[in-house]
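Reader: Before I accept the labels attached to a structure, I would like to hear the reasoning behind them. Could you take me through it step by step?

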Amino acid sequence: MNILIVFVLFASCNSAETIQVKSPNGKNVFSFLPESGMGFSVAYNGQEVIAPSLIELISNDISFNGKLSILKVEKTMVENEWNSNFSELSNIPDHYNQLKVYLKIDDTQVSVICRAYDEGVAFAYEIPKQNNISKIGLDEKIHYNFKEDYNVWSTPKRAPRVLTAQGEYRRIPMTQLEAGCERPLLIEINDSVKIALAEAKLVDYARLSFDKGTSSQYSILSTLDGKMGEQKQDTVSGAIIAERKESGDKVHKKLPFQSPWRVVMMGKNESELLANNYIIQNLNDPSEIDDESWIKPGKVLRETTLTTQGGLAAIDFVVDHNMQYVLFDAGWYGNEMDNASDATTITLDPKRSKGPFDIETITKYAKEKGIGVILYVNRRALEKQLDEVLPLFKKWGVSGVKYGFVRVGDQDATAWMHEAVKKAAKYGMIIDIHDEYRPTGFSRTYPNLLTQEGIRGDEETVPNVHTLKTMFTRMLAGAADNTVCYYSTRVNQMGSHASQLAKTVCLFSPLQFLYWYDKPAASPEKLDGLWGDTRHIGNEPELEFFNKVPTTWDETKVLHGEIGELGVIARRKGADWFVGGIIGDTERQVTIDFSFLKENEVYQAKVYTDDDTVNTRTHVQIEEIECTKKSILKLKVKSNNGFAIHIVKI
């Protein structure tokens, strides 16, 4: 279904009138306020959540200062839906009302576009060709004003000059924001209204970030990242250090162009924001890939020995455990941090492996077994060799690439990254982007970009409390490669084994990495690499949950959401339902209402919980119960524990 209705209202409006667009359900309202320039405000359910605010554009090529007049107002209504094999929903609603205001500021033409969805509002600006000018340099500042010093969930600096998408979230007043705060930015208006400032369709532009503002007593300033200097990496842990060169234009564009979308997600609570996060993909273009059949989501095992024997053992393991890929991580082509390392050769880093490592023998065996092989390549090699690497990997039989330590922030880095995804699609390669990259919905247009990091995941030994912050902040942007651990001793520091099972449901990723620090029993015993606490994978009964859980979904329900405290999500694939629950520092009794099940059907549910009396390495209890749509399950869950449930029709 795709219905488009356009209304054009010519400039009978004067420049002092407020022009509004409302969401289809009438709850979300974007008001354009031309009296103050390119001003705007946003309301949710009758309450103003963003007070009169301002879009400020700065250029040495065109002036955006002067008398503003309205040339034309255009309104559009769209009712659409689209299907995806790679998302949290298989059928995604895309309904909105759009407002486009054509402006003239002295001699400069510019348009402001706003879409009002039931899930939130988004706005962008468009600059046409004009006055014999075909390209411009530009900077952007958006001054968001608020009525009170609302609390926000921000990612602060990890170290001097280091701003990271992998930082810890903390709840602070907006007046304490630090420059460079990441997107999305969750803002608590009150107990029944939450909003998040985000970005969509960032493809060839500088990334935005947030700081405390100065335009009013309570304000947030959105700015564009400037040109990054030479980038260094201090350790393999991934902290990125770069000198920021903030002076001058932040973007350079040929005219005409439209900016990325600036998004205000809105809902009654954080659960609703997460359930409706498809608004980010809706603001991106439909898929450019005609035949998507080669793009396979799935579960991935990282091979830790970088040997042929280890590779073959890993392939056998993933076949036996309903996994789809094996990843060979850093070290197969030398030291990833050395600019001289050549990703067109097999040149093992002696600190990682003594070999032998025959990639073509491994890929041939993988193909026979129906398994895909993914190779890691650091951006240092990618930036020099991408056009050589992709056809070579195709010849070797490789299915995908994990892009490592990619540059993020400025326009050049952003454009290069998305062009690299497009190039990979031409060679039939799926992509996983690490480390600081966060999504803005490009996976809708190029679904071979299955996932990305931009998350402080399990490889950094994050406690359940942090995961429960991540669920309702970072996950608003889209899929995240969390690198689920299982047998590593760090699991006991993070939470529990049942909560690790739950993460495969709670933290969406079409490529789901399992057993991050673990290896199959048949893998070589001696490990020459640097992967830390590596354990052999056992045969505990609850591994059946990992075997059966999918990585993409037909339906998603957020059952409970309290940021930092509790998160429970139910997802359906086909006729089966999977539920994941994670608990923070406080013991809870969690009630599971099975009303999401079909009427007049009987189901069997396997419930996986933590129980210290179970005599296995992992202490996970498995209980089978019968349930229907009317059933209620009450679970008493200890602090830092979790649970998982697999529900099938009888």
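Author: What follows is a conversation about a predicted model, in which each label is set against its rule.

Reader: Let me begin with two helices: what makes α5 roughly parallel to α6?

Author: The axes of helix α5 (residues 379–396) and helix α6 (residues 411–426) come within 11 Å and cross at roughly 10°. Angles under 35 degrees count as roughly parallel, so α5 is roughly parallel to α6.

Reader: Which residues of α5 and α6 meet, and how do they divide into nonpolar, polar and charged?

Author: From α5 come L382, E383, L386, D387 and L390, and they meet W416, A420, K423 and A424 of α6. The residues of this contact of α5 with α6 divide into 6 nonpolar and 3 charged, with no polar ones.

Reader: Turning to the aromatic rings, how many aromatic pairs are there, and why is the pair of F30 and F123 called tilted?

Author: The count comes to 23 aromatic pairs. For F30 and F123 the ring centres are 5.7 Å apart and the planes stand at 35°; since a pair needs centres within 6.5 Å, and planes under 30 degrees apart count as stacked while those over 60 count as edge-to-face, this pair is tilted. The two residues belong to distant parts of the chain, with F30 in strand β3 (residues 28–33) and F123 in strand β9 (residues 120–127), 93 residues apart. Both F30 and F123 are buried.

Reader: What makes the pair of W332 and Y333 edge-to-face?

Author: The centres of W332 and Y333 are 4.9 Å apart and there are 70° between the planes, and planes over 60 degrees apart count as edge-to-face.

Reader: Are W332 and Y333 buried or exposed, and how do you know?

Author: Buried means under 20% relative accessible area. W332 has a relative accessible area of 0%, so W332 is buried, and Y333, at 2% relative accessibility, therefore counts as buried too.

Reader: How do you know that R302 lies over the face of W516?

Author: R302 is 3.9 Å from the ring centre of W516, where the distance part of the rule asks for within 6 Å. R490 likewise lies over the face of Y517, at 3.9 Å from the ring centre.

Reader: What makes helix α10 mostly covered, and where does T504 stand?

Author: In helix α10 (residues 497–506), 10 of its 10 residues are buried. T504 is in helix α10 and has a relative accessible area of 3%, so T504 is buried. Leaving aside residues up to four places away in sequence, T504 touches V484, Q512, L514, F545, F546, V549 and W553.

Reader: Why is N492 called exposed?

Author: N492, in helix α9 (residues 490–494), has 56% relative accessibility and therefore counts as exposed, the cut-off being over 50%.

Reader: What is the phi of N322, and why is N322 called partly exposed?

Author: N322 has a positive phi of about 50° although it is not a glycine. Most residues other than glycine have a negative phi. N322 is in the loop between α3 (308–320) and β23 (325–328), and its relative accessibility of 41% falls between the cut-offs of 20% and 50%, so N322 counts as partly exposed.

Reader: Which residues does a cis peptide bond join, with omega about -10°?

Author: That bond joins R183 and P184, and P184 is found in the loop between β12 (170–173) and β13 (185–190).

Technical notes: Residues are numbered from 1 along each chain as its sequence is written. This is a predicted model: local features need pLDDT of at least 70, side-chain atom pairs count only at pLDDT 80 or more; totals for chains, interfaces and linings use all residues. Side-chain values use heavy atoms; hydrogens and water are left out. Axes are lines fitted to C-alpha atoms, for helices over the stretch in contact, and angles run from 0 to 180 degrees between N-to-C directions. Helices (H or I, at least four residues) and strands (E, at least two) are DSSP runs, numbered from the N terminus. Angles under 35 degrees count as roughly parallel, over 145 as roughly antiparallel, 65 to 115 as roughly perpendicular and the rest as oblique. Contact means heavy atoms within 4.5 Å. Ala, Val, Leu, Ile, Met, Phe, Trp, Tyr, Cys and Pro count as nonpolar, Asp, Glu, Lys and Arg as charged, and the others, Gly among them, as polar. Rings of Phe, Tyr and Trp (its six-membered ring) pair if their centres lie within 6.5 Å; planes under 30 degrees apart count as stacked, over 60 as edge-to-face and the rest as tilted. Buried means under 20% relative accessible area, exposed over 50%, partly exposed in between (1.4 Å probe, protein chains only). A charge sits over a ring if NZ of Lys or CZ of Arg is within 6 Å of the ring centre and within 35 degrees of the ring normal.
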